2 protein chains.
Amino acid sequence: MNYPNGIKKQNQKDKVIVDSKLSHKNRGMTLESDINISNEYYREIEKAYIYKKPTPIKITKVDYPSRDKAVIKEAFFTVPSTTDYNGLYKGKYIDFEAKETKSKTSFALENIHPHQINHLKNIYDNGGIAFLIVRFTSLNQTYLLPAKEFLNYIETSDKKSIPISFFQDQAYLLKDGYRPRIDYLKIVDYLIGGK
Amino acid sequence: MNYPNGIKKQNQKDKVIVDSKLSHKNRGMTLESDINISNEYYREIEKAYIYKKPTPIKITKVDYPSRDKAVIKEAFFTVPSTTDYNGLYKGKYIDFEAKETKSKTSFALENIHPHQINHLKNIYDNGGIAFLIVRFTSLNQTYLLPAKEFLNYIETSDKKSIPISFFQDQAYLLKDGYRPRIDYLKIVDYLIGGK
C-alpha cells in the first residue's frame with residue numbers, strides 16, 4: 001500500500017498518521033488562516049485551486065455615497081448551506097469544512113450545521129472528495145476526518161459529540177509545516193488512491 | 001456523434017445549438033435567478049450540486065445588540081478572485097461565471113475581472129469543466145461559452161469585446177424551460193463527452 005511521504009502506518013487498521021512533532025511557532029494562528037495560506041501556496045505552485053467561500057450574509061441596506069461606490073450599511077450573517085472550502089485538485093472536486101474546538105476531549109456536533117452534513121453526504125455520494133478538518137486548539141492537534149468516517153459516526157451514534165479517540169483512530173493527524181503550513185493534500189492523495 | 005436530447009447540429013463545424021423558440025414568460029427574471037432556480041432543481045433531483053458563492057465583501061464594522069445576534073453596520077463589496085458558481089456533477093468539478101449584457105451586438109470583456117479569466121484558465125488547464133453563461137437581455141438569448149473557446153478568443157484577439165457572431169458560432173444557445181429553467185447541464189454533458 002502506498003503512503004504519501006512523511007506519513008507512516010499507525011496500527012493494524014491501515015490508518016496512517018502524520019508524524020507529530022508539535023510545533024509552537026504557529027500558536028495564535030487560526031485554523032482558517034493556516035488553511036488559507038496553504039491554499040495560496042497550492043495555487044502558487046499550480047497544485048490545486050481551492051478557495052474559501054465568502055461568508056454568507058443577507059444585505060438589507062446599501063448606501064451609494066458616490067456613483068461608483070457602494071457601502072453596505074446593514075447586513076446579517078446567514079446560515080451557510082454548504083461547506084466553507086471547495087475547489088479542484090488532480091481533476092477531482094474537493095469539498096471540506098474546517099472547525100476549531102477548545103475542548104480537549106471531544107468535538108461537539110453542533111459546530112456543523114445540518115445543511116453542511118447533508119452537503120458533505122451529497123458530495124461524498126456523488127464522487128467528490130469530502131472531509132472535515134478539525135483543530136483541537138488546546139491540544140494543538142489538527143485532524144483530517146474523511147466524510148466516509150464522519151458520516152458513519154453520525155449515522156451509528158446518538159452522541160452529540162465525537163470523542164478525541166475517534167479522531168485518533170479514524171482521522172489523520174496533520175503536521176504543522178512551513179510551506180504549505182498544513183499539507184492536507186498529502187492525505188487527499190491517500191484518499192484518492194484508496195477509492 | 002451523440003448529441004443530448006433537444007439539441008441539433010447547427011453547421012458543418014460540429015457545433016450544436018438548442019432549438020430556440022423564444023419564450024417571453026421569463027422576461028424580467030434575471031439570469032442569476034434563472035441559474036439559481038435551475039441549480040435548486042438539479043439538487044432536488046440529485047443530479048448536481050452546484051451553488052452560487054456568496055458575494056465577497058469586506059466587513060469593517062459589526063454591532064452586537066444582543067449576545068447571540070450580530071449586525072454588520074459597515075462593509076464593502078470586494079473584487080471576486082474566482083467565478084460565481086462552482087460544484088460537482090458526474091464526479092467532475094464544474095466552474096462558471098454568469099453575466100448579462102444589454103448590448104445587442106457584443107459582450108464587453110470588462111464584465112469579467114482579470115482574476116476570473118485567470119481562474120477559468122487554471123480550472124480548464126487542470127481538468128475542470130469551465131465556461132461562461134452570457135445572456136444578451138435585449139435579444140433574450142443566453143449562451144454557454146466553453147472556457148476553451150473563450151480563452152482562445154482572449155489570447156488571439158485584441159478586441160475589448162466578443163461579438164455576438166462569435167457566440168452564434170462558438171457557443172451554445174440555451175433554451176428557456178420550466179424545470180430546469182436553463183438546462184445548461186445538457187451542454188455540460190456534451191462538453192464532458194467531447195473531452
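**Helix packing, sheets and the chain interface in a predicted two-chain model**

In chain A, helix α2(A) passes helix α3(A) in a left-handed crossing. This description, like those that follow, refers to a predicted model. Helix α2(A) spans residues 114-125 and α3(A) spans residues 147-156, and their axes come within 10 Å and cross at roughly 130 degrees. Because angles between 115 and 145 degrees fall in the class called oblique, α2(A) counts as oblique to α3(A). On the side of α2(A), the residues that take part in this meeting are I117(A), L120(A), K121(A), I123(A) and Y124(A), and on the side of α3(A) they meet A147(A), K148(A), F150(A), L151(A) and I154(A).

In chain B, six strands form an open sheet with mixed pairing, and their order across the sheet is β3-β6-β7-β9-β10-β12. The edges of this sheet are β3 (48-52) and β12 (172-174) of chain B, each of which pairs on one side only. On average, and with direction ignored, neighbouring strands of the sheet are turned by 25 degrees against each other. Within the sheet, strand β7(B), covering residues 92-101, and strand β9(B), covering residues 129-136, run parallel and are joined by eight bridges; T101(B), for its part, stands opposite F136(B) in β9(B). Helix α3(B), made of residues 147-156, lies across β9 and β10 (141-146) of chain B, and the helix runs at about 80 degrees to β10(B).

A further pairing in chain B involves strand β4(B), residues 57-66, which pairs with β5(B) in the antiparallel sense over seven bridges. These two strands form a hairpin, with two residues between them. Within this pairing, V62(B) has I72(B) in β5(B) as its bridge partner. In a regular strand, side chains alternate between the two faces of the sheet.

Strand β5 also takes part in pairing between the chains, since β5 of chain A and β5 of chain B, each covering residues 69-77, pair in the antiparallel sense over four bridges. Across this junction, F76(A) stands opposite V71(B) in β5(B). Considering the contact between the chains as a whole, 26 residues of chain B are in contact with 26 residues of chain A. The elements β3, β5, β6 (85-89), β7 and α2 (114-125) of chain B each supply at least two residues of the side of chain B that touches chain A, and the largest share of that side, eight residues, comes from β5(B). Of the interface residues of chain B, 96% are also interface residues in chain A, so the copies meet through the same surface.

The arrangement of the two copies was then examined by superposition. Chain B is superposed on chain A by a rotation of 180 degrees with 0.0 Å of shift along its axis, at an RMSD of 0.0 Å. The two copies are therefore related as by a two-fold rotation axis.

As to confidence, the predictor gives the complex an ipTM of 0.83 and a pTM of 0.84. For chain A the mean pLDDT is 87, and 85% of its residues reach 70 or more. Over residues 1-27 of chain A, however, the pLDDT is below 50, although this stretch has 41 contacts in the model beyond near neighbours in sequence. Where pLDDT is low, the predicted coordinates should not be read in detail.

Technical notes
Residues numbered from 1 in each chain as written. Chains lettered and ligands numbered in written order. Pairing = 2+ DSSP bridges. Axes fitted to C-alpha atoms, helices over the stretch in contact; angles between N-to-C directions. Contact = placed C-beta atoms within 7 Å. pLDDT = per-residue confidence, 0-100. Least-squares fit on C-alpha atoms with pLDDT ≥ 70 in both. Parallel < 35°, antiparallel > 145°, perpendicular 65-115°, else oblique. Left-handed = near helix turned anticlockwise from the far one by under 90°.
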